[in-house]
Amino acid sequence: MAAAKAFDEIWGHGGADAPRAEFAALAEWIASTPPEELTRRQESAEATFRQLGITFAVYGESEAAERIIPFDIVPRVFLPGEWKRLSEGLVQRVEAINAFLEDIYYGNQRIVKEGVIPPELIYQNEQFRPEVNGIRPPHGIWAHICGIDLVRTGPDDFFVLEDNARTPSGVSYMLENREAMIRLCPELFKEFRVAAVDSYSDLLLETMRSVTPGPGKSRPVCVVLTPGHFNSAYYEHSFLADSMGIELVEAADLVVDDDIVWMQTIAGRVQVDVIYRRIDDDFLDPLTFRPDSLLGVPGLVAAYRAGNVAIINAPGNGIADDKAIYSYMPEIVHFYSGGEAKLPNVETYRCREPDALKYTLENLDKLVVKLVDGSGGYGMLVGPTASKDMIEKFRAALKAEPHRYIAQPTLALSTVPTMSEKGVAPRHVDFRPFVLTGSNGVQVVPGGLTRVALREGSLVVNSSQGGGTKDSFVLMEDVPAQSQSQNGGAMQQTQTAAGS
Amino acid sequence: MLSRTAAALYWLGRYVERADFLARLIEATVRLDALSARPAGEAAWRSALSVSYTEDAFEETGKDLTQANVVRYLTLAEDNPGSIVRCLDAARINAKAVRTALTRESWTAINRAWLLFRNRSNPGGPAAVLTMVESVKAETRGFEGAVHRMMHNEATWLIQLGAAIERADNTARLLDVKYHILLPEGELVGGTMDRDQWTTILQTVSAVTAYRWLYSEGLSSANVIDLLVSRFELPRSLAACVDEVVQLLSHLARRTGLQGEADRMARARLMRMQKTRSNDIIMSGLHEYLEAFIKENALLDGAIARQFRFI
């Protein structure tokens with residue numbers, strides 16, 4: 001079974017004799033804090049989340065319409081060197097995603113013309129949006145906020161599992177989990193020098209302001225656009241607007257007139273410059289996309305085309321994080337950066353290719369098979385744990401429509417010690433860091449969302465499938481003694497203060 | 001501020017105030033029923049329904065007019081849009097829609113109140129009911145406290161404006177119903193029953209002590225009416241609510257530049273109120289006075305919605 005030989009982020013490959021050298025203190029903390037105490041703190045955190053309404057809605061469940069995502073109190077820790085390598089890879093990947101989108105929608109489609117990607121994979125892709133073809137977003141930034149899902153199999157082995165360049169969520173959990181940890185386990189922050197994550201909101205606002213269209217406004221109007229409070233990620237939408245101090249708007253609050261976007265306030269109309277939209281392309285503008293959508297703003301895309309508003313992330317980005325395109329990411333990164341991808345993909349078989357299909361069909365019991373346009377753990381076959389019936393169902397589906405599927409080997413995902421009914425035990429995790437791109441550059445926030453499969457041996461971490469979350473500590477490099485007093489705040493460039 | 005936000009804040013204020021008032025009304029009626037010299041019974045519960053505008057709707061449920069049935073209907077009934085649980089639900093939906101305009105404390109307070117009632121179906125016996133309404137009062141007080149500690153800006157004032165408009169309506173309604181409906185035929189004005197009922201009214205607006213401070217001559221209906229209509233120092237009196245509305249509207253006007261019909265109506269109402277003597281009201285008909293007040297309050301509510309472009 002995968003779990004038996006998995007790499008544990010604290011204990012390494014070595015079993016239970018000794019932790020990895022850098023994690024002796026964490027192992028000691030786990031061992032010396034009574035399990036009841038850990039459970040008590042965990043319950044206290046979850047009670048707080050419940051009280052604050054940090055919830056997500058599970059569609060189709062009326063009983064527990066709002067649930068909290070289980071929180072695990074044992075943090076996952078990245079060493080400074082690990083983080084440095086990861087960030088470099090993330091920046092390179094996101095830059096390539098932006099270059100790719102520019103090339104496809106606005107440039108000369110070089111990547112297609114030079115034969116790197118087959119044209120039908122783009123132009124016949126449901127995620128390709130001819131409606132926004134030829135529009136260059138303000139400052140040429142497309143993927144302002146990316147969440148890159150990573151998995152790990154060994155000390156230096158990180159793989160990208162999925163790119164999210166549309167509306168990646170989870171950042172509120174990154175921030176709330178940290179709040180909970182500081183309150184409940186302050187001793188850990190004495191032990192570790194953890195990089196702060198709470199400047200995320202400031203960085204996001206800077207990013208938004210940096211892509212204001214037209215000549216620089218001193219106070220551009222930025223808003224977060226939500227489908228409404230029944231949306232599963234509504235908490236996150238309000239959290240983000242709140243922490244940036246900007247309006248959280250619904251479609252009914254906006255009106256487009258003469259290609260300008262206005263919001264309706266008690267004092268009349270106010271022009272909107274930048275919209276962080278948390279509505280999918282399909283529902284964004286009924287005049288351009290789905291005409292039956294009530295969530296959207298009629299005329300929004302026209303205003304965008306006229307260059308009067310920035311939309312974050314740009315409409316049409318789905319083509320970059322599509323699972324079929326994903327398998328070409330190493331080539332895409334190479335094509336635009338000239339170098340090798342620093343973060344490799346998980347090996348992927350494109351079932352549209354006959355050899356890959358043949359291999360997949362012969363090894364269904366060993367592979368994970370995914371719909372290229374599926375998400376949230378739906379439409380997926382996990383070969384090693386699937387029933388015979390399920391495998392045969394997928395075999396038939398694959399034969400019928402091979403182009404709709406990709407297959408990947410089941411990886412021995414790393415584990416992190418996690419609270420379970422029988423005390424602290426290893427559970428599989430993945431990781432979603434957040435990368436911000438504005439006209440002011442690309443920034444990786446030192447932290448992210450660690451999702452954990454709470455069931456023993458399970459590899460499924462999706463919150464809709466019973467996964468939980470953990471805080472993710474990024475440790476800071478050791479710095480000279482005199483600036484160590486800036487405990488925890490070192491992510492921003494505070495070094496200028498060192499002379500005073 | 002978004003127009004939608006303004007509307008949601010105002011209604012948040014109204015719904016929380018309504019939940020609080022219902023809790024007080026139930027508490028006072030339980031006391032009236034249980035503690036008075038003889039049980040007040042059906043009449044007391046009928047008047048509680050009447051005060052909360054739910055008499056007809058309750059009748060349609062076909063249930064007997066018993067304490068247990070009415071209490072359940074007014075507290076936990078999902079099918080009664082005027083029940084406490086539905087008021088808190090509506091308050092929370094509004095709060096959720098405007099989370100960004102609230103502080104964490106204000107939001108948590110309303111969310112906690114809502115969590116308290118969720119999934120409860122049985123209010124229990126009188127003692128349990130009193131405990132439950134006590135906690136509603138505590139939660140709404142907590143919300144009010146949190147709102148008072150928010151920045152003094154449009155968001156706070158709109159919540160308070162909603163609360164003040166609602167409170168004016170509640171007090172007027174309470175007086176009207178209790179004064180005209182409650183006393184059964186054959187009971188003496190000034191008799192035991194009458195006294196109990198006036199005490200109930202005072203309890204509902206937490207003014208028993210205030211009454212003793214202000215009036216030395218013992219309980220009389222004229223004094224209770226005076227207190228609840230024209231005494232500015234009692235926060236739940238009509239006069240105090242009318243005054244508060246004027247003040248909140250002028251705060252809003254200074255901050256947003258928006259003033260108009262609502263301000264004019266509110267100021268005219270205040271000027272009339274300052275000249276009104278409760279004896280004159282009683283002489284010329286309390287019921288007519290209160291009916292007109294409730295109607296005017298509703299018109300003012302409409303003017304506020306137009307002035308702040310509620311959507």
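On a 1 Å grid laid over the protein atoms alone, a pocket is an open set of points with protein on both sides within 12 Å along at least five of seven lines, while a cavity is a set of points where a 1.4 Å probe fits but cannot get out; lining residues have an atom within 4 Å of a point. Grid points are joined across faces, edges and corners, and a volume is the space filled by probe spheres set on the points. This is a predicted model, in which local features need pLDDT of at least 70 and side-chain atom pairs count only at pLDDT 80 or more, though totals for chains, interfaces and linings use all residues. Residues are numbered from 1 along each chain as its sequence is written, chains are lettered from A and ligands numbered from 1 in the order in which they are written, and side-chain values use heavy atoms, leaving out hydrogens and water.

How confident is the prediction? The scores for the model are ipTM 0.76 and pTM 0.84. Residue by residue, the guide is pLDDT, the predictor's confidence on a scale from 0 to 100. Chain A has a mean pLDDT of 88, with 91% of its residues at 70 or more. Residues 482-500 of chain A fall below 50, and beyond near neighbours in sequence this stretch has 17 contacts in the model (contact means heavy atoms within 4.5 Å). For chain B the mean is 89, and 94% of its residues reach 70 or more. Within chain B, confidence bottoms out in helix α9 (residues 192-204) of chain B, at a mean of 80, and is highest in helix α12 (residues 238-256) of chain B, at 96.

Now for the sheets. Helices (H or I, at least four residues) and strands (E, at least two) are DSSP runs numbered from the N terminus, and two strands pair if DSSP finds at least two bridges between them. In chain A, 4 strands line up as β7-β6-β11-β12 in an open sheet with parallel pairing. The edges belong to β7 (247-249) and β12 (310-312) of chain A; each has a single partner strand, so one side of each is left without a neighbour in the sheet. On average, neighbouring strands of this sheet are turned by 30° against each other, direction ignored. Axes here are lines fitted to C-alpha atoms, for helices over the stretch in contact, and angles run from 0 to 180 degrees between N-to-C directions.

Inside this sheet, β6 (residues 222-225) and β11 (residues 274-277) of chain A pair in the parallel sense over 4 bridges, with Leu225(A) opposite Arg277(A) in β11(A). Helix α10 (residues 234-244) of chain A packs on the sheet, touching β6, β7 and β11 of chain A, and its direction makes about 150° with that of β7(A). Helix α9 (residues 200-210) of chain A lies across β6, β11 and β12 of chain A and runs at about 110° to β6(A). Just past the edge strand comes an oddity: a cis peptide bond joins Ile312(A) and Asn313(A), with omega about -15°. Asn313(A) sits in the loop between β12 and α13 (318-321) of chain A.

The second largest pocket holds about 810 Å³ of space. It has 27 lining residues, and the closest to its centre are Gly245(A), Ile246(A), Glu247(A), Met1(B) and Thr100(B). Two or more lining residues come from each of α9, α10 and β9 (260-265) of chain A and α8 (154-182) of chain B. The top contributor is α10(A), with 3 residues. By class, the lining of this pocket has 15 nonpolar, 6 polar and 6 charged residues (Ala, Val, Leu, Ile, Met, Phe, Trp, Tyr, Cys and Pro count as nonpolar, Asp, Glu, Lys and Arg as charged, and the others, Gly among them, as polar).

Elsewhere in chain A, β4 (residues 145-154) and β5 (residues 157-164) run antiparallel and are joined by 7 bridges. These two strands, β4(A) and β5(A), make a hairpin with 2 residues between them, and Leu150(A) has Val160(A) as its bridge partner in β5(A). The structure also holds 2 cavities of 30 Å³ or more, and the second largest cavity has a volume of about 30 Å³. Its largest share of lining, 3 residues, comes from β5(A). Lining residues of this second largest cavity include Leu161(A), Glu162(A) and Asp163(A).
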